[in-house]
Amino acid sequence: MSRKPKLYYFDGRGKMESIRWLLAAAGVEFEEEFLETREQYEKLLQGGSLLFQQVPMVEIDGMKMVQTRAILSYIAAKYNLYGKDLKKRALIDMYVGGTDDLMGFILMFPFLSAEDKEKQRAFIVQKATSRYFPVYEKVLKDHGQDFLVGNSFSWADVHLLEAILMVEEKKSDVLSGFPQLQAFKARISNIPTIKKFLEPGSQRKPVPDDKYVETVRRVLRMYYDLKAN
């Protein structure tokens, strides 16, 4: 029996959350080791586990994988969430890349000052509703299928749902002008593995709080102030 994947990161969302989402969507159980001290992080560094001296790091299939995109691509391919041919994979890559850009605006939000958070909140909503969500709305409307690519559940669907929920945390009615995305959200949220991950008590992480921010700053020695876009 193969070992469960083991995730090394903080007890919070960050770059690891999309990996948790994808494993959960695939129905794969995983273990986590949370970094709470600088010493834990330095032990991983000294042991050669962090190829580029960064987390996330995932132990899977005898590998110690780093680089978020590489980890996600491997999981998607391993669990048949990466399309059935090269063209479908290319579409999935494009959609995931776009969603990644949107999520990148949210990633550093918890580390901003109160004033910069308000500016960034408006920026996130503006970008979501003018640049990113219209693309997916049109894709779904044009092909009339349940999923983004090839009428099959894929990594692109998982990533988009994660992003939608993150933006809704900034503005609850952000999908009001996107009926296709409203229906998409309902469909994907009811896929059994996703529904389970969305229930209380799962390994999905909550909105980052001050404790998470302080832990990340302490472990990574982030003492500078981050500015909004």
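**Sheet, pockets and domains**

Tutor: Start with the sheet, which is open, has four strands in the order β2-β1-β3-β4, and shows mixed pairing. The model is predicted, so local features need pLDDT of at least 70 and side-chain atom pairs count only at pLDDT 80 or more, while totals for chains, interfaces and linings use all residues. Residues are numbered from 1 along each chain as its sequence is written, and side-chain values use heavy atoms, with hydrogens and water left out.

Student: What makes a stretch a strand or a helix?

Tutor: Both are DSSP runs, numbered from the N terminus: a helix is H or I over at least four residues, and a strand is E over at least two.

Student: Why is one side of β2 and of β4 left without a neighbour in the sheet?

Tutor: β2 (31-34) and β4 (63-66) stand at the edges and have a single partner strand each, so each has one side with no neighbour in the sheet. From one strand to the next, the twist averages 20 degrees; the axes behind such angles are lines fitted to C-alpha atoms (for helices over the stretch in contact), and angles run from 0 to 180 degrees between N-to-C directions.

Student: How do you know that β1 and β2 pair?

Tutor: Two strands pair if DSSP finds at least two bridges between them. Strand β1 (residues 6-9) has four bridges with β2, in the parallel sense, so the pair meets the rule of at least two. Leu7 stands opposite Glu32 in β2.

Student: What makes an empty space a cavity, and what makes it a pocket?

Tutor: On a 1 Å grid over the protein atoms alone, a cavity is a set of points where a 1.4 Å probe fits but cannot get out. A pocket is an open set with protein on both sides within 12 Å along at least five of seven lines, and a lining residue has an atom within 4 Å of a point. Grid points are joined across faces, edges and corners, and a volume is the space filled by probe spheres set on the points.

Student: How many cavities of 30 Å³ or more does the structure hold?

Tutor: There is one, and the largest cavity has a volume of about 40 Å³. Its lining consists of Arg13, Glu17, Trp21, Glu162, Met166 and Arg204.

Student: Why are four of the residues in that lining counted as charged?

Tutor: Asp, Glu, Lys and Arg count as charged; Ala, Val, Leu, Ile, Met, Phe, Trp, Tyr, Cys and Pro count as nonpolar; the others, Gly among them, count as polar. By that rule the lining of the largest cavity has four charged, two nonpolar and no polar residues.

Student: Which residues lie nearest the centre of the largest pocket?

Tutor: Tyr9, Gly14, Lys15, Leu107 and Met108 do, out of 42 lining residues. The largest pocket has a volume of about 940 Å³, and α4 gives the most to its lining, with five residues. The classes are 22 nonpolar, eight polar and 12 charged.

Student: How do you know that both domains take part in the lining of the largest pocket?

Tutor: Domain bounds come from an automatic or database domain assignment, which here gives domain 1 (6-79 + 198-220) and domain 2 (86-190). Each of the two supplies at least three residues to that lining. Contact means heavy atoms within 4.5 Å; 21 residues of domain 1 are in contact with 19 residues of domain 2. The domain centres, taken over C-alpha atoms, are 22 Å apart.

Student: What joins Val55 and Pro56?

Tutor: A cis peptide bond, with omega about 15 degrees. Pro56 lies in the loop between α2 (38-46) and β3 (57-60).

Student: What is phi of Asp61?

Tutor: Phi of Asp61 is near 50 degrees, a positive value in a residue other than glycine. Asp61 has its place in the loop between β3 and β4.
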